[in-house]
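Q: Please take a close look at a single part of this chain, and then explain how that part sits within the whole.

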Amino acid sequence: MSEGNGPVTVKIILIGNSGVGKSSFMNRYVNHRFTSMYRATIGTDFFSKAVSLDGHSVTLQIWDTAGTERFQSLGTPLYRGAHCCMLVFDVTSKASFIALDNWRKEFLVQGEPQDPSDFPFIVLGNKTDLSDREVSRKKALQWCEEIGAEYFEGSAKDDLNVEQPFLRAAWSGLQQY
Ligand code: GTP
């Protein structure tokens, strides 16, 4: 990390199946809002948020991509230059968890990070407010250990553990300056 305290920009990409709650999680973090209405992301939405970390001013540039296959290819050029990738799944959907392996591979191919083996991934299990859970914390942690990612779980709806994964992502981005 450089010594200066000038503002740095950290680019974070959110990917994962359609409906897992990527937009909701980001909206909760950036705008402190939640809606139960579903509106598919078309292409990519971009949001900025300023945070202070360890005396550094960090501008988080958060890219919310479309999980729908139809719009996916629009997002892939935007993977380039990312400092951190958040792989989002819905804890009540095993399929959305299994799909993360492909999302991760796709990110590594399209994003072309300098050091793929050391690239920071954060795995995020959303919708812990729901009772019909299909993916246990243990199972998620096991996979994260295999791929060397950090694991967080929470709920955009209940505003649970929303800030922590973004701050962790900000921190991993800051380390790259
Ligand atoms: P795409 O834009 O298609 O990729 O979907 P997305 O991953 O951005 O999902 P989105 O945020 O649009 O949420 C999909 C649905 O899940 C919406 O109806 C949300 O209200 C709901 N949802 C999101 N987060 C939560 C949560 O934490 N708990 C519950 N119960 N529902 C949630």
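A: The part chosen is helix α1, whose buried residues are Lys22, Ser23, Ser24, Phe25, Met26, Arg28 and Tyr29. The model is a predicted one, and a residue counts here as buried if 20 or more other C-beta atoms lie within 10 Å of its own. By that criterion, α1 is mostly covered, with seven of its 10 residues buried. In general, an α-helix has 3.6 residues a turn, so residues three or four places apart point the same way. After α1 comes His32, which has a positive phi, near 60°.

The helix also takes part in the surroundings of the ligand. Helix α1, spanning residues 22-31, contributes three residues to the shell around the ligand, the most that any element gives. The shell has 22 residues, of which Gly21, Ser23, Ser24, Thr41 and Gly67 come nearest to the ligand. Ser23 and Ser24 are thus among the nearest residues and also among the buried residues of α1. By character, the shell is made up of 12 polar, six nonpolar and four charged residues.

The wider chain gives the helix its setting. Six helices and six strands are present, and along the sequence they follow the pattern β-α-β-β-α-β-α-α-β-α-β-α. The radius of gyration of the chain is 15 Å, close to the 16 Å that the globule rule gives for 177 residues, so the chain is as compact as a globular protein of that length. Of these 177 residues, 36% count as buried. Among contacts in the chain with a separation of 6 or more, 74% are between residues 24 or more positions apart.

Strand β5 offers a second example of a covered element. All six of its residues, 121-126, are buried, so β5 is largely enclosed by the rest of the structure. As a general rule, the side chains of a regular strand alternate between the two faces of the sheet. In β5, Phe121, Val123 and Gly125 lie on one side and Ile122, Leu124 and Asn126 on the other, and both faces are covered.

The neighbours of β5 complete the picture. Strand β4 (residues 84-90) runs parallel to β5 and is joined to it by six bridges, with Asp90 opposite Asn126. Strand β6 (residues 150-153) also pairs with β5 in the parallel sense, over four bridges; here Val123 has Tyr151 as its bridge partner. Together with helix α5 (residues 137-147), β5 and β6 form a right-handed β-α-β unit.

Definitions and conventions: Residues numbered from 1 in each chain as written. Predicted model: local features only at pLDDT ≥ 70, side-chain atom pairs only at ≥ 80, totals over all residues. Near = placed C-beta within 6 Å. Helix = DSSP H or I, 4+ residues; strand = E, 2+ residues; numbered from the N terminus. Nonpolar A, V, L, I, M, F, W, Y, C, P; charged D, E, K, R; others polar. Rg over C-alpha atoms; globule rule 2.2 N^0.38 Å. Buried ≥ 20, exposed ≤ 12 C-beta atoms within 10 Å, placed from the backbone. Contact = placed C-beta atoms within 7 Å. Pairing = 2+ DSSP bridges. Right-handed = clockwise from strand over helix to strand, strands pointing away.
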